[in-house]
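Dear colleague,

I am passing on the structure that we spoke about, and you will find it just below. Please look through it first, and then read my notes alongside it.

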Amino acid sequence: MKILIYGFGRMGLTHFSILNGLDPSLNFSVIEPNKILRNILKKNINAKFYSDDSSLTEAFDITLITTPPSLHLQLLEKSIKRGDNKIFIEKPFGGHTNIDLEYISEYDNINIGYVLRFNPCIQWVKTNIDPNEIKSIHGEYISNTIEKKPEGWRNGPFSGVLNEMGSHVIDLVQYIIGKDQMKVLSSKKESIISDIDDIVEATIKTENDISVSLYFNWVKKEVRKPVFGLEIEMKDGFKYSIDQQQVNKYNSNGDFIEKVSVIDLVKSVPYYLRGVDFTNQMSDLLGERKIMATVNEALEVNRLIAKILK
């Protein structure tokens with residue numbers, strides 16, 4: 001199986017390592033324009049390295065696009081033209097500027113890298129909670145990621161806490177409740193350190209009358225490590241508190257009922273790097289892509305982000 005990776009930064013290297021661990025027989029080609037980095041990688045990585053894709057005319061079985069978001073669309077179009085069988089693009093898919101791409105939405109071989117879907121706790125929620133019985137969802141991401149003004153694309157329209165981190169949570173909300181149109185009732189954004197959004201709040205109502213509230217902040221100094229979380233209230237008053245490690249269930253009086261942890265849920269994985277979520281994601285890419293976000297689902301995330309930032 002032939003694999004092409006555009007960009008060999010942190011995510012490109014992560015996906016390569018996991019895929020190589022899952023199936024050592026894979027044949028990798030890597031596009032890395034940085035000459036110094038490319039020469040170092042050639043000595044240490046078992047892959048074919050290229051400065052650009054001009055000589056690559058035959059279709060690949062899987063292409064991974066792990067470049068900055070500003071390059072996503074042009075590389076996607078090249079991959080489609082080349083006839084690549086499966087195309088995986090890291091989130092956020094081109095940022096919220098990619099919202100009206102009807103010609104791309106026709107393809108069923110394009111998936112976007114919203115990795116939190118693969119968290120065992122989220123999979124438990126997807127299996128055990130009936131979306132028709134959900135009354136409200138609160139989603140948040142809090143960290144102290146940005147301590148000084150970022151440079152390059154990370155300080156422009158393709159970045160911001162909503163594009164880079166909030167998109168994960170919005171995707172989860174959509175994944176849990178299913179296809180449901182969302183109307184933004186209110187939104188607020190603040191730039192504290194960067195020139196873009198560092199703090200974002202929004203209230204949303206779905207077509208099926210589910211109340212959604214969102215809070216994202218990546219400049220909170222008191223936070224030692226990133227915190228992701230969902231709070232789900234059911235119509236019967238029961239509540240679920242979910243993070244990447246556990247699901248806690250409470251009755252309508254707020255009394256604790258039970259806890260389900262990753263330790264209870266996780267199966268052994270053949271390769272472990274950066275958590276079971278990433279390994280499960282790459283396994284799905286090699287397989288039938290049953291859990292991965294489709295390009296249409298990612299476009300819905302982008303459209304909602306655009307409305308929140310409006």
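What follows is a short account of the sheets, a helix and the ring contacts.

Please keep in mind throughout that this is a predicted model.

I begin with the sheet of eight strands, which is open and has mixed pairing, its strands following the order β8-β9-β10-β7-β11-β12-β13-β14. The edges are taken by β8 (182–190) and β14 (256–261), each of which has a single partner strand, so one side of each is left without a neighbour in the sheet. From one strand to the next the twist averages 10°. Within this sheet, β9 (residues 199–206) and β10 (residues 211–217) run antiparallel and are joined by seven bridges, and I204 is found opposite V212 in β10. Helix α6 (residues 161–177) lies across β7 (134–142), β8, β9, β10 and β11 (227–234), and the helix runs at about 155° to β10.

The other sheet I would point out is also open and mixed in its pairing, with seven strands in the order β3-β2-β1-β4-β5-β6-β15. Here β3 and β15 (293–294) stand at the edges with a single partner strand each, so one side of each has no neighbour in the sheet. Strand β5 (residues 86–89) pairs with strand β6 (residues 110–112) in the parallel sense, over three bridges, and I87 stands opposite I110 in β6.

Turning to the aromatic side chains, the count comes to five aromatic pairs. One of them joins F8 and F16, whose ring centres are 5.6 Å apart and whose planes stand at 65°, so the pair is edge-to-face; both of these residues are buried. F8 also pairs with F49, with the ring centres 5.8 Å apart and the planes at 85°, so this pair too is edge-to-face. Since F8 lies in the loop between β1 (2–6) and α1 (10–22), while F49 belongs to strand β3 (residues 48–50), the pair ties together parts that are 41 residues apart in sequence. F49 is buried, as is F8, and one aromatic cluster is formed by F8, F16, F28 and F49.

Finally, there are two places where a lysine meets a ring. The charged end of K2 sits over the ring of F60, at 5.1 Å from its centre, and K126 lies over the face of Y175, 4.5 Å from the ring centre.

With best wishes

Key
Residues numbered from 1 in each chain as written. Predicted model: local features only at pLDDT ≥ 70, side-chain atom pairs only at ≥ 80, totals over all residues. Heavy atoms only, no water. Pairing = 2+ DSSP bridges. Helix = DSSP H or I, 4+ residues; strand = E, 2+ residues; numbered from the N terminus. Axes fitted to C-alpha atoms, helices over the stretch in contact; angles between N-to-C directions. Contact = heavy atoms within 4.5 Å. Phe/Tyr/Trp six-rings, centres within 6.5 Å; stacked < 30°, edge-to-face > 60°. Buried < 20%, exposed > 50% of the residue type's maximum accessible area, 1.4 Å probe, protein only. Lys NZ or Arg CZ within 6 Å of the ring centre and 35° of its normal.
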